[in-house]
Amino acid sequence: MPRRAEFYFDGTYYRKRIKLPDGRWKDVRARTKEELRSKLYDMETAQRMGLVLDAETTVAELAVEWYTNRSAGLSAARQGDYRIAINHHICPVIGAMRVRDVKPEHCQRVMAQAAELSNSAQQKIVSTMKQLFSCAVDNGLTLRSPAEKIKAKGKKAEEKAPLTREQCAQLEAAVKGTRAYIFVMLGLYAGLRREEICGLRWQDIDLQSTPPRLTVNHAMRLTGSRAEFPAPLKSKAAHRTIPLPPGLAQALRDEKKRTNSDFVLHTSDGSPLTYQSARNIVSVIDRRCPMTEGQRKRRERIEQERGKPIASRRPQKNITKLTFRVTPHQLRHTYATRLVESGMNIKQIQYLLGHDDVHLTLSIYSHVTQNRPEELIGAVSAAFSAPQEPALESV
């Protein structure tokens, strides 16, 4: 008697009919035997765990299972991105629909509801939706992802310009003698991320070596109202050793004489920073900068509601006011720009910035020096100059 085939092949798909826990039968299909075996294994595992994903599964039910099974290995920031995309954008529009009934136009409706958001916010919704429906395909809930061709639009964030050398000098002078001084110096002259600065300890810094250097070993994760230390670095590439320029090395030597804490930045009693104390350090910089349009409007609205001007918390004497805005990431952006302008090899810049992929470094900073008019004029002039007449050979 011939052996029964493992799967049925209809010319396009391999199929297998299985019985669901509720007694109904379901056809599982895939283009290859290996893919079908993988789908069947996932479904059997889900059933053993009490997860029932079938033809009646709604988008909201799938989203709960998908997020629950993946959130443990994600950073707090990425978990937040997924929750916002699911709870505020995807489920309010298509959450009640069965997965099998969702069409590309329904996904377009999700994006239409988010049309006013920035390109970055829309990208997070698109990414979540694509992963969600890819999971649906893997579990046999639908044959093709309806989010496959969905794209983010929205306005892209304006690129923040790096600080000029004059602005760097003004910023250093404005925060000299405050808790924000070392924060600013580590951002401008070591290019550390905010969470890397907050997690930096004195044991990570060698001021006696030639040249002085620091090693990024840990980060401090600032999420919600909590500060977590030690927290993992952003990637393996973020673990790096950075040589310190003389100005930063001297600032760190002076700071080390004044503290007994294990941390470079710390609270008043030497403990690791809290969420609020980290915000307070950044606010030292913010108070010296002009207000943003949003801050100005918010202040005017509050003053109008109160019927009187908002009084300053304390007299702002001897505070040097800046004429430009500064953000923590702008310090790192300035550091990277100086490296590019110096002509440093792009792989060295990638290492110092802690980028996992050199393409990220290139995409962000390659325009800094390669496409300026003063650098392009030579090539442009050569391209459009009249060809020289060949010299006549002497007879």
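**Exercise 1. Which residues does P272 touch, not counting residues up to four places away in sequence?**

Solution. The model is predicted, and the steps below work from its atoms.

Step 1. Place the residue in the chain: P272 sits in the loop between α9 (246-257) and α10 (275-286).

Step 2. List the contacts. With residues up to four places away in sequence left out, P272 touches M220, F263 and T267.

Step 3. Compare sequence distance with distance in space for one further residue. A227 is 45 residues from P272 in sequence, and the two are 8.8 Å apart in space, C-alpha to C-alpha.

Step 4. Classify the exposure. The class partly exposed lies between under 20% and over 50% relative accessible area. P272 has a relative accessible area of 34%, so P272 is partly exposed.

**Exercise 2. Describe how β1, β2 and β3 are paired.**

Solution.

Step 1. Take β1 and β2. Strand β1 (residues 8-9) pairs with strand β2 (residues 14-19) in the antiparallel sense, over 2 bridges. Opposite F9 stands Y14 in β2.

Step 2. Look at the connection. β1 and β2 form a hairpin with 4 residues between them. In the turn, G11 has a positive phi of about 100°.

Step 3. Go on to β3. Strand β3 (residues 25-30) and β2 pair in the antiparallel sense over 6 bridges. Y14 stands opposite A30 in β3.

**Exercise 3. In what order do the strands of the open sheet of 3 strands stand, and which of them are at the edges?**

Solution.

Step 1. Write down the order: the open sheet runs β4-β5-β8, with antiparallel pairing.

Step 2. Find the edges. β4 (205-206) and β8 (241-243) each have a single partner strand, so one side of each is left without a neighbour in the sheet.

Step 3. Examine one pairing. Strand β5 (residues 213-215) is joined to β8 by 3 bridges, and the two run antiparallel. Within this pairing, T215 has T241 in β8 as its bridge partner.

**Exercise 4. How many salt bridges does a search of the whole structure find? Work through examples.**

Solution.

Step 1. Give the total: the search finds 10 salt bridges. Side chains of opposite charge can pair when their charged atoms come close. The cut-off applied here is a side-chain nitrogen of Lys or Arg within 4 Å of a carboxyl oxygen of Asp or Glu.

Step 2. Test K124 and D81. Their closest N and O atoms are 3.6 Å apart, and the pair forms a salt bridge. K124 lies in helix α5 (residues 119-138) and D81 in helix α3 (residues 76-94), so the pair ties together parts that are 43 residues apart in sequence. K124 counts as partly exposed at 37% relative accessibility, and D81 is partly exposed with a relative accessible area of 22%.

Step 3. Test D101 and R98. Their side chains meet in a salt bridge at 2.8 Å, N to O. D101 is partly exposed, at 29% relative accessible area, and R98 counts as partly exposed at 26%.

Step 4. Test R325 and D286. The N to O distance is 2.6 Å, and the side chains meet in a salt bridge. R325 belongs to the loop between α11 (293-306) and α12 (328-341) and D286 to helix α10, so this pair ties together parts 39 residues apart in sequence. R325 is partly exposed at 27%, as is D286 at 28%.

Step 5. Look for shared partners. R193, E196 and R240 are joined into one network by salt bridges that share partners.

Notes. Residues are numbered from 1 along each chain as its sequence is written. This is a predicted model: local features need pLDDT of at least 70, side-chain atom pairs count only at pLDDT 80 or more; totals for chains, interfaces and linings use all residues. Side-chain values use heavy atoms; hydrogens and water are left out. Buried means under 20% relative accessible area, exposed over 50%, partly exposed in between (1.4 Å probe, protein chains only). Contact means heavy atoms within 4.5 Å. Two strands pair if DSSP finds at least two bridges between them.
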